[in-house]
Amino acid sequence: MFIMSVNMKLLTDIPLLRDLTKEERKQIAEITEEITLSKNSFLFRQGDEADSFYIILEGEVEVIKVFSEKEQKLVNMSKGAIIGEMAFLTETRRTGTIRATEQTKLIKISKDKFKKLMQEENIAVYKLVYRISQILSFRLARISEQFVDQFKTDKTAKRSEEHTSELQSPYVIS
């Protein structure tokens, strides 16, 4: 993993930071680092302590979750995606593993530096938290829709199976 300071110009292209003024982006730039991951390297693993969150500048990562001691790939994320924000904001452990599928550049925002700006009542931090909450709300709504769709599909399949078994029953009189 290679770490360096972030170029201000990079921050203007990030959707998460789109509502910030130039001065506010500068304040955020002061608490960020640029990280480069090589292909197949891990950013963090499920269960790790959350000391920061990340924004993808270039490249792609996969999100992996361990269920019943078995790894399951959930999704791939690319440019502009925020990673690790849930555990960062809730101060819990990482809920998944992040692995680079190709060389990937990210911005890292550490918890300590972020909290320091919050203590200074910096408006940029509050705008950032607001945008992250919007993104999390959108993700939750999408997951809820998928859950409802899956529930409907499962229920329809079960009815279809019941109907089919009734038709195949030797006791059905036509």
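**Close-up views of the predicted model**

**View 1. The largest pocket.** In this predicted model, the largest pocket has a volume of about 760 Å³. Its lining comprises 27 residues. Those that lie nearest the centre of the pocket are Val 75, Met 77, Glu 85, Met 86 and Arg 139.

**View 2. Elements that line the largest pocket.** Four strands and two helices are shown here by name: S5 (60-67), S6 (70-78), S7 (82-83) and S8 (97-100), together with H3 (85-90) and H5 (123-168). Each of these elements supplies at least two residues of the lining of the largest pocket. Helix H5 gives the most, with eight residues.

**View 3. Residue classes in the lining of the largest pocket.** Nonpolar residues number 16 in this lining. The lining also has six polar and five charged residues.

**View 4. A nonpolar patch on the surface.** Phe 67, Leu 74 and Val 75 make a nonpolar surface patch of about 270 Å². Val 75 is also among the residues nearest the centre of the largest pocket. Leu 74 is found in strand S6, an element that supplies residues to the pocket lining. Leu 74 counts as partly exposed because its relative accessibility is 49%, and the partly exposed class lies between 20% and 50%.

**View 5. The fold around these sites.** The protein has five helices and nine strands. Along the sequence, these elements follow the pattern β-α-α-β-β-β-β-β-β-α-β-β-α-α. Of the 174 residues in the protein, 35% are buried.

Conventions. Residues are numbered from 1 along each chain as its sequence is written. This is a predicted model: local features need pLDDT of at least 70, side-chain atom pairs count only at pLDDT 80 or more; totals for chains, interfaces and linings use all residues. Side-chain values use heavy atoms; hydrogens and water are left out. On a 1 Å grid over the protein atoms alone, a cavity is a set of points where a 1.4 Å probe fits but cannot get out, and a pocket is an open set with protein on both sides within 12 Å along at least five of seven lines; lining residues have an atom within 4 Å of a point. Grid points are joined across faces, edges and corners, and a volume is the space filled by probe spheres set on the points. Ala, Val, Leu, Ile, Met, Phe, Trp, Tyr, Cys and Pro count as nonpolar, Asp, Glu, Lys and Arg as charged, and the others, Gly among them, as polar. Patches are made of residues with over 30% relative accessible area and no salt bridge: like charges are joined within 9 Å, nonpolar side chains (Val, Leu, Ile, Met, Phe, Trp, Tyr) within 5 Å. Accessible areas come from the Shrake-Rupley method with a 1.4 Å probe; for residues, only the protein chains shown count as cover. A salt bridge is a side-chain nitrogen of Lys or Arg within 4 Å of a carboxyl oxygen of Asp or Glu. Buried means under 20% relative accessible area, exposed over 50%, partly exposed in between (1.4 Å probe, protein chains only).
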